[in-house]
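Here is a short report on one protein model. Please keep the sequence and the coordinates at hand while reading.

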Amino acid sequence: MKYLVANWKSHKSIDEAVEWLEKFVNSYQPKSDEIIIISPPFPYLFKLSEMLKEKRAGQISLATQDISPFPLGAYTGAVAAEMIKGVVEVVIVGHSERRHYFHESHQEVANKVTLAQEVGLRVILCVDEPYAQEQLAALESTHLHNLVIAYEPLEAIGTGKPQEPEQVTRVVEKIQQLAPKCPILYGGSVNPENVAVYMNIPGISGMLVGGASLEVDKFIDLLRRS
Ligand code: PGA
């Protein structure tokens, strides 16, 4: 299977989000080997989830961009995994922007993985170099098996300069040794022009796309060329 993930980060109004999804569902028919995952900001999830159910767009899943490292309880402001199961199927955790701007530790990210998997959510864990080994080592081995891992080199995120494919190939080999059998995605300045190159890297099962997923036409173009 091919995973194609649109990470909107902290962009878009609710109207823009609805318009994007409406147009996407009406214009793009996912191929049978594709899993399309849209990751909007938290406040839009319920609305977009209802839209997907109404339109019976079964090959399109929603993902959160984060979840709380705690279960339900007295944790003001936190969105627990338990709350969003049934609304999304997938959670993204450990994105480098979360690790950097929100000071998330490897252990906190590992706790998120555990809590999400316990309620049956699929986890996309983001890792980067040179920390991938420690980031993966923080997980209990039982939680490692069901992950999708997104390799996102720090210098490639949002810069317009993806990492050289040769270097991505080397890191993917290393991640495969640390987490055998986990699908591995690449993320970092993927766009319609370069997507085919990165999709063709051995061991790569998909793309995590930020900037190039914000305009629906551009994202569809990227999917068609992937
Ligand atoms: P980018 O972001 O495609 O804008 O580089 C990727 C990501 O951070 O997930």
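The report covers salt bridges, a pocket and a few single residues in a predicted model.

## Salt bridges across the structure

The whole structure holds 12 salt bridges. One of them joins Lys55 to Glu22, with the closest N and O atoms 2.9 Å apart. Lys55 sits in the loop between α2 (45-54) and β3 (60-64), while Glu22 belongs to helix α1 (residues 14-27), so this pair ties together parts that are 33 residues apart in sequence. Lys55 counts as partly exposed because its relative accessibility is 32%. Glu22 is partly exposed too, with a relative accessible area of 33%.

Arg225 forms a salt bridge with Asp221. Here the closest N and O atoms are 3.3 Å apart. Arg225 has 39% relative accessibility and so counts as partly exposed. Asp221, at 29% relative accessibility, is also partly exposed.

## A linked network

Which residues are linked with Arg98 in a network of salt bridges? They are Asp66, Glu104 and Lys112. Within this network, Arg98 and Glu104 form a salt bridge whose closest N and O atoms are 2.9 Å apart.

Are Arg98 and Glu104 buried or exposed? Arg98 is partly exposed, because its relative accessibility is 22% and the cut-off for buried is under 20%. Glu104 has 9% relative accessibility, so Glu104 counts as buried.

## The largest pocket

The largest pocket has a volume of about 340 Å³. Its lining is made up of 15 residues. Closest to the centre are Lys9, Ser10, Gln65, Arg98 and Phe102. Arg98 thus appears both in this lining and in the salt-bridge network.

Which helix gives the most to the lining? Helix α4 (residues 96-101) does, with 3 residues.

## Glu152: buried, without a salt bridge

Glu152 lies in the loop between β6 (148-151) and α8 (165-178). Glu152 is buried, yet has no salt bridge. How far away is the nearest side chain of opposite charge? That side chain belongs to Lys9, and the distance is 6.3 Å. A salt bridge needs the nitrogen and the carboxyl oxygen within 4 Å, so this pair does not qualify. Lys9 also lines the largest pocket.

Glu152 does have a polar partner. Its side chain makes a polar contact with the side chain of His95, at 3.1 Å. Leaving out residues up to four places away in sequence, Glu152 touches His95, Cys126, Val127, Asp128, Ile157, Gly187, Gly188 and Leu208.

## Ile84: a buried helix residue

Ile84 is part of helix α3 (residues 81-84). Ile84 counts as buried because its relative accessibility is 4%. Which residues does Ile84 touch, not counting those up to four places away in sequence? The contacts are Phe42, Thr64, Ile67, Val79, Val91 and Leu121.

Glu173 is 89 residues from Ile84 in sequence. In space, the two C-alpha atoms are 33 Å apart.

## Gln107: a partly exposed helix residue

Gln107 is found in helix α5 (residues 106-118). With 44% relative accessibility, Gln107 counts as partly exposed, because the cut-off for exposed is over 50%. Gln107 and Gln135 are separated by 28 residues in sequence. Their C-alpha atoms are 8.2 Å apart in space.

Methods
Residues numbered from 1 in each chain as written. Predicted model: local features only at pLDDT ≥ 70, side-chain atom pairs only at ≥ 80, totals over all residues. Heavy atoms only, no water. Helix = DSSP H or I, 4+ residues; strand = E, 2+ residues; numbered from the N terminus. Buried < 20%, exposed > 50% of the residue type's maximum accessible area, 1.4 Å probe, protein only. Lys, Arg positive; Asp, Glu negative; His and termini not counted. Polar contact = N/O pair within 3.5 Å; in protein donor to acceptor, adjacent residues only side chain to side chain. Contact = heavy atoms within 4.5 Å. 1 Å grid on protein atoms, 1.4 Å probe; cavity = no way out; pocket = protein on both sides within 12 Å on 5 of 7 lines; lining within 4 Å. Points joined across faces, edges and corners; volume = space filled by probe spheres on them.
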